[in-house]
Amino acid sequence: MFFTVIKKKVPKKRIFTFALSLVLTTSIFFINDISTQAAVISTQATTIDTQKTSDTITTDILSKTTTDSSLVTYEPYSITKGNYTTPIWRQQVFWPKKSSAARSGCGYCCVAMALKLSGVTKADPQMVLKDAKRTVRRAGPLKAKKAVTIFKKHGVPATQYSTQSLGRSRAGALIKASLDQGKMVMALVRGGQFSGGNHWVLLTGYDQHKKIVVANSSLGTKKYCKKAKLQYHLVTLNLMKKTLIPNGKWNGFVVIGK
């Protein structure tokens, strides 16, 4: 007996449908496989990031989570911190232009601003100058040790630190930790946006963008930096560290507040 094989012609439409179905099925499996691999890679990356963050927090013993108490607002001529506001006093305007106090009064202005923001409402640069037992004609630079004495006289906690002993990196970490806790820092700097010579500035906290708010009592001169004519600055921690004076009898900073 012979069997005859009859070749039946399959419609082109059915062939196209079958091929499309096959392509879609393969694509779904391929996409699922890629998604699974991506999820694994993402999990590994998250784990690595978490480890890095953990290592940083562990090794940086001075770091602390920023609180709302560190946030300050500022106007061109004043700074507000919590319930208190202070003018940003200009030493060359507050005292006679060519006097000793006008030339070297940055420290007295910084102490006055910090006292004002700490609730000592009667504070002004002249009061601080008197507390330091100096005169307008014979002011001279204010040393950190004397500044601490004046703060404590008015019931404001203050501690002096040496940039030379700590080194710029550790000093910067301590300054950041202090600002994070809502404290203020009176820092001796040189250069940057502040001044061409040794100069006290007051770090009051952070603005809404987490830049450090720095009150500057000096008008600046063309000889130094034109930007020093600003009454306040918004700077990064790295810039702050670079401008700290690392050595010499004037070096250091004062942390102010509880």
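Start with the second largest pocket, which has a volume of about 260 Å³. This is a predicted model, so treat the tour as a walk through a prediction.

**Stop 1: the pocket**

Which residues should you select to find the middle of the second largest pocket? Pick Lys81, Leu117, Ser118, Gly182 and Met184, which lie nearest its centre among the 16 lining residues. Colour the lining by class and you get six nonpolar, seven polar and three charged residues.

**Stop 2: the whole chain, coloured by confidence**

Zoom out and colour by pLDDT. The chain averages 75, and 65% of the residues score at least 70. Where is confidence lowest, and where is it highest? Helix α1 (residues 12–59) has the lowest mean, 43, while helix α5 (residues 125–131) has the highest, at 97. Now select residues 1–10: the pLDDT there is below 50, and the stretch has one contact in the model beyond near neighbours in sequence. Residues 37–67 are also below 50 in pLDDT, with 17 contacts beyond near neighbours in sequence. Where pLDDT is low, the predicted coordinates should not be read in detail.

Switch to a cartoon view and you will find nine helices and nine strands in the chain. Of its 258 residues, 40% count as buried. If you draw the contacts between residues at least 6 apart in sequence, 66% of them join residues at least 24 apart.

**Stop 3: the cysteines of helix α4**

Select Cys109, which lies in helix α4 (residues 106–117). Is Cys109 buried or exposed? It is buried, with a relative accessible area of 0%. Show what surrounds Cys109: leaving aside neighbours within four places in sequence, its contacts are Trp89, Gln91, Trp95, Pro125 and Ser217. For a backbone distance to draw, try Cys109 to Asp124: these residues are 15 apart along the chain, and their C-alpha atoms are separated by 7.3 Å.

How many disulfides does a search of the whole structure find? The count is zero. Put Cys106 on screen and check its sulfur: Cys106 is in no disulfide, and the nearest cysteine sulfur, that of Cys110, is 6.3 Å away. Cys109 is in no disulfide either; for Cys109 the nearest cysteine sulfur is again that of Cys110, at 7.1 Å. Cys106 has 5% relative accessibility, so it counts as buried.

**Stop 4: Ser78 in strand β2**

Next, select Ser78 in strand β2 (residues 78–81). Its relative accessible area is 18%, so Ser78 is buried, because the cut-off for that label is under 20%. Show the contacts of Ser78 and, not counting residues up to four places away in sequence, you get Thr85, Thr86, Pro87 and Ile88.

**Stop 5: Gly252, in a loop**

Jump to Gly252, in the loop between α9 (237–243) and β9 (253–256). What is its relative accessibility? Gly252 comes out at 0%, so it counts as buried. Not counting residues up to four places away in sequence, Gly252 touches Tyr161, Ser162, Thr163, Ala187, Leu188 and Trp200. Draw a line from Gly252 to Thr163: the two are 89 residues apart along the chain, yet their C-alpha atoms are separated by 4.9 Å.

**Stop 6: the loop between β6 and β7**

Select Gln208, in the loop between β6 (195–206) and β7 (212–215). Gln208 counts as exposed, at 59% relative accessibility. Add Thr73 to the selection: Gln208 and Thr73 are 135 residues apart in sequence, and 8.2 Å apart in space from C-alpha to C-alpha.

Stay in the loop between β6 and β7 for Lys210. What sort of phi does Lys210 have? Its phi is positive, about 65°, although Lys210 is not a glycine. Lys210 is partly exposed, with a relative accessible area of 44%.

**Stop 7: Lys133, after helix α5**

Finish at Lys133, in the loop between α5 and α6 (144–153). Lys133 is another residue to look up on a Ramachandran plot: it is not a glycine, but its phi is positive at about 60°. Is Lys133 buried or exposed? With 76% relative accessibility, Lys133 counts as exposed.

Terms used
Residues numbered from 1 in each chain as written. Predicted model: local features only at pLDDT ≥ 70, side-chain atom pairs only at ≥ 80, totals over all residues. Heavy atoms only, no water. pLDDT = per-residue confidence, 0-100. Helix = DSSP H or I, 4+ residues; strand = E, 2+ residues; numbered from the N terminus. Contact = heavy atoms within 4.5 Å. 1 Å grid on protein atoms, 1.4 Å probe; cavity = no way out; pocket = protein on both sides within 12 Å on 5 of 7 lines; lining within 4 Å. Points joined across faces, edges and corners; volume = space filled by probe spheres on them. Nonpolar A, V, L, I, M, F, W, Y, C, P; charged D, E, K, R; others polar. Disulfide = S-S within 2.5 Å. Buried < 20%, exposed > 50% of the residue type's maximum accessible area, 1.4 Å probe, protein only.
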